[in-house]
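Visitor: I am new to this structure and should like to be guided through it. May we begin by looking at it together?

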Amino acid sequence: MRSTRPDHGHAPGPAGPTPAGPGAAGPARARVLIVEDEPALLRALRIDLRARGYEVLTAATGQDALAQASQLPPDAVLLDLGLPDGDGTAVITTLRTWSRAPVIVLSGRTSAQDKIGALDAGADDYVTKPFAMDELLARLRSVLRREDGVRPGAIISLGASDIDLAAHTVARRRDGAEPEPVHLTRTEWRLVEILLRSPGQLIPASRLLTDVWGAGHERHTHYLRFHMAGLRRKLEDDPPRPRHLLTEPGMGYRYQP
């Protein structure tokens with residue numbers, strides 16, 4: 001896994017020296033900052049991530065998290081929302097002023113309002129406690145992979161559909177037959193481009209509505225339901241049970257490669 005540290009930006013003000021020695025991250029190791037005030041969970045996450053080759057930083061408060069991120073810019077952040085010195089959403093907002101490091105929220109809050117607030121503040125994903133460690137690790141690998149983006153000219157396979165974002169063409173493969181062209185509307189193209197350029201990333205519904213239809217349409221979620229249903233009919237192998245164009249209820253949509 002490559003390090004994306006040079007692209008994350010820098011915190012305002014001078015940064016302290018990077019410690020040398022066994023704890024320093026090599027170019028193939030990702031640095032993960034865990035921000036969690038529950039000692040048992042913090043310890044479990046630290047042990048699990050280190051066992052899988054990640055370099056791990058830890059913080060129990062928002063202030064400590066921002067200080068550590070400014071000194072040793074992380075490749076990803078796992079962030080609890082309920083911190084002793086304030087709401088974790090404020091940490092995301094501050095972090096986003098100088099860092100592009102993906103943020104996965106870990107929280108016991110299950111309301112749609114909390115989830116949407118965190119995503120709108122700049123979080124990349126939201127995992128509800130309690131969670132399975134394997135799921136969290138998969139989400140972490142996903143947000144780290146997406147830093148590579150989509151290569152120019154790349155053909156993306158979504159089931160039996162081959163999508164060329166540069167040429168704006170879709171070909172649907174059939175057994176023993178020539179691929180058939182698939183027509184997408186202008187709106188469908190705009191939606192699918194946003195999703196496919198961020199593989200594995202949860203895209204909030206409000207962002208999709210604003211990016212595609214403009215400001216003032218954030219509440220028109222029925223637009224998304226209609227057009228996503230159309231995309232699944234055209235691109236998914238089994239539209240009623242999609243494997244790639246996924247809905248995260250109350251939150252948004254995700255392209256799962």
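**Salt bridges, helix packing and confidence**

Visitor: How many salt bridges does the structure hold?
Guide: The model shown here is predicted. Side chains of opposite charge can pair when their charged atoms come close. In this structure the number of salt bridges is 16.

Visitor: Which residue is joined to Glu36 in a salt bridge?
Guide: Glu36 sits in the loop between strand E1 and helix H1, and is paired with a residue of the loop between strand E7 and helix H5. The two partners are 93 residues apart, so the link joins distant parts of the chain. Glu36 has a relative accessible area of 2%, which means that Glu36 is buried. At 2.9 Å, N to O, the partner of Glu36 is Lys129.

Visitor: At what angle do helix H6 and helix H8 pack?
Guide: Two packed helices are described by the angle between their axes and the distance between the axes. Here H6 covers residues 186–196 and H8 covers residues 221–235, with their axes 10 Å apart. The two helices are roughly perpendicular to each other, at an angle of about 80°.

Visitor: How many nonpolar residues does the contact of H6 with H8 have?
Guide: H6 contributes Thr187, Glu188, Leu191, Val192 and Leu195. From H8 come Leu224, His227, Met228, Gly230, Leu231, Lys234 and Leu235. Of the residues in this contact, 3 are polar and 2 are charged, while the nonpolar ones number 7.

Visitor: Is Lys234, which meets Glu188 in a salt bridge, buried or partly exposed?
Guide: The side chains of Glu188 and Lys234 are 2.7 Å apart, N to O. Because Glu188 lies in helix H6 and Lys234 in helix H8, the pair ties together parts that are 46 residues apart in sequence. Glu188 is buried, at 5% relative accessibility. With a relative accessibility of 26%, Lys234 is partly exposed.

Visitor: Which residue meets Glu248 in a salt bridge at 3.0 Å?
Guide: Glu248 belongs to a network of salt bridges that also links Asp125, Glu135, Arg139 and Arg254. The partner at 3.0 Å is buried, at 3% relative accessibility. That partner is Arg254.

Visitor: Which strand has the highest confidence in the chain?
Guide: The chain averages a pLDDT of 82, and 85% of the residues score at least 70. The pLDDT is below 50 over residues 1–28 and over residues 148–152. Where pLDDT is low, the predicted coordinates should not be read in detail. Confidence is lowest in strand E8, at a mean of 84, and highest, at 95, in strand E3.

Technical notes: Residues are numbered from 1 along each chain as its sequence is written. Side-chain values use heavy atoms; hydrogens and water are left out. Axes are lines fitted to C-alpha atoms, for helices over the stretch in contact, and angles run from 0 to 180 degrees between N-to-C directions. Helices (H or I, at least four residues) and strands (E, at least two) are DSSP runs, numbered from the N terminus. Angles under 35 degrees count as roughly parallel, over 145 as roughly antiparallel, 65 to 115 as roughly perpendicular and the rest as oblique. Contact means heavy atoms within 4.5 Å. Ala, Val, Leu, Ile, Met, Phe, Trp, Tyr, Cys and Pro count as nonpolar, Asp, Glu, Lys and Arg as charged, and the others, Gly among them, as polar. A salt bridge is a side-chain nitrogen of Lys or Arg within 4 Å of a carboxyl oxygen of Asp or Glu. Buried means under 20% relative accessible area, exposed over 50%, partly exposed in between (1.4 Å probe, protein chains only). pLDDT is the predictor's confidence in each residue, from 0 to 100.
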